[in-house]
Amino acid sequence: MALDSMQEIFDKIQAGQKPFWQVVRDTDVEERQVTAEASFRKMHATWRAMVESVDTYRADRRSVSGLVGGDAQKMWDYAAGQETLCGPYLQEVIATALCVAESNACMHRIVAAPTAGACGVLPAVLVPLYRRGGVEEDAIVRALYVAAGIGAVIGYRASISGASGGCQAEVGTAAAMAAGALVDLRGGTPEQIGHAVAMALKNLLGLACDPVAGLVEVPCVKRNVIGAVNAVSAADMALAGIESRVPVDQVIDCMGDVGRRLPVELRETALGGLAATPFGQSVKARQEERHRGELR
Amino acid sequence: MLDIFDILGPVMVGPSSSHTAGAVRIGRMARTLLGAAPVRADIGLHGSFADTGQGHGTDRALVAGLLGMKPDDLGIPESFEIAVGQGLEFRFHTIHLRDAHPNTAVLAVESADGRKLVLQAASTGGGRIRVDQLDGVDVSFTGIFNTLVVRHQDVAGELSRILNELSVSGVNIANMSLNRDRRGGDALTVVETDQKIPQDALERIRVLYGVLGATYYEKEED
């Protein structure tokens, strides 16, 4: 079976003398029985859909509960008025993560990566980099193959769903994918991609999935920010030559194991964590009241 | 392995791949297997679909699918209003099924020319779906393949006649099942194929001896 471990990808890179992204593309070509060009076109279209999800943001949209919307604009306005603590690139990363995740909560079009709840992380790190110039669009598409390959391995060995693995499986996986994509874009080695993935995943290990009222709103939108910022730091560490002491495939297996040990209350059921706070309960009660009102 | 475009994708209207994108696909599957535009839909929501469906737009997503929309259609949030314009009456209620996936919907749909279908399907994660029952008969297919659904009399040789029509059209079978609720009653054959089934093959299958009806779901294009 294809792409069952990061080690297998490293081995294929070495055996085939081809880059990371090509190993993933060739797997897609084989699995879906399409041409290399058709595969690349589809990945390119996926990238364009990500860019569009950023470009079509509107600050006046609100989610069903009314809790989500307008925060990306606040970040942009703040950054326009003064020097931010985190500097030009990271401030864009934060605003972009908010804008895509808010758009998702407001029923707008996004790219699930790996899930809708974590859709803000990859565009958050990639779109600002692309907008700053100096990065070819095709290089971004190649980096998306790297991200997809990482996600496929994590999906196979562990989990990419909050219901089975908690938020570490959604935003954690998105962060690992984004970190790997960034290292690839900066010309890092396959091993450095592996270390970035391991570090990004380790830093969010154990993160609960505890959505208030069961909605993909609170805390999901802002967790996209921490996923993206975490990805940037993991990528920079890996590019600096810092290594994960625990091998990447063991980290992935460990994430899956932690996910299985998470109590069911912390796996998307909205029974624990932030969902169980007095605030979370009041939002839930308000939602149920509205639901009954609409049924009448 | 998972399709890498299930990892980076689908391109979809939010907020949830299971509660929104999967729900659109369930609605669209019901419309397709009905074989016509529905004018009436009675929609039962089970488990998490009933509990958090409204907040995730599951209700609007199911209706959008019944109108023929795909998961990336920006009309999904306005599907209720569009349905009124297209003459689709719908209503929702909560149901409690035994041993069903938590994200399950049961859609009873009817077309203007009197065709009826009851479809039970689950949204199994990442926007993927699985159809579990058609008109009370247990089935299991996902829409990842082109899918032919034939209702026919439970008589000897029926399956081979259907498969022969596919074979002469060069259509390769990926998965297949024959389902019935009792011997000698009506049977339901579900055939998942690698290639698209040509229109003329479908027409020949529809007029085979013993065939009561055939509908066909073509997998979503890239």
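In this predicted model, helix α6 (residues 158-168) of chain B lies across β8, β9 and β10 (186-193) of chain B, and its direction makes about 25° with β10(B). A second helix of chain B, α7 (residues 199-206), also packs on the sheet; α7 touches β8 and β11 of chain B and runs at about 155° to β11(B).

What order do the strands under these helices take? The sheet is open, with 4 strands of chain B arranged as β9-β10-β8-β11 and paired antiparallel. Because β9 (173-180) and β11 (211-217) of chain B each have a single partner strand, they stand at the edges, and one side of each is left without a neighbour in the sheet. From one strand to the next, the twist averages 15°.

Now for two antiparallel strand pairs, one inside chain B and one across the two chains:

| Strand | Partner | Bridges |
|---|---|---|
| β8 (residues 146-153) of chain B | β11(B) | 6 bridges |
| β1 (residues 109-111) of chain A | β1(B) | 3 bridges |

Within the pair in chain B, B:V149 has B:T215 of β11(B) as its bridge partner. Across the chains, A:R109 stands opposite B:V13 in β1(B).

That brings us to the contact between the chains, to which chain A gives 40 residues and chain B gives 30 residues. Which elements of chain B each supply at least two residues of the side that touches chain A? They are α1 (4-7), β1 (11-13) and α3 (48-52) of chain B. By class, this side of chain B has 14 nonpolar, 12 polar and 4 charged residues.

Conventions. Residues numbered from 1 in each chain as written. Chains lettered and ligands numbered in written order. Predicted model: local features only at pLDDT ≥ 70, side-chain atom pairs only at ≥ 80, totals over all residues. Pairing = 2+ DSSP bridges. Axes fitted to C-alpha atoms, helices over the stretch in contact; angles between N-to-C directions. Contact = placed C-beta atoms within 7 Å. Nonpolar A, V, L, I, M, F, W, Y, C, P; charged D, E, K, R; others polar.
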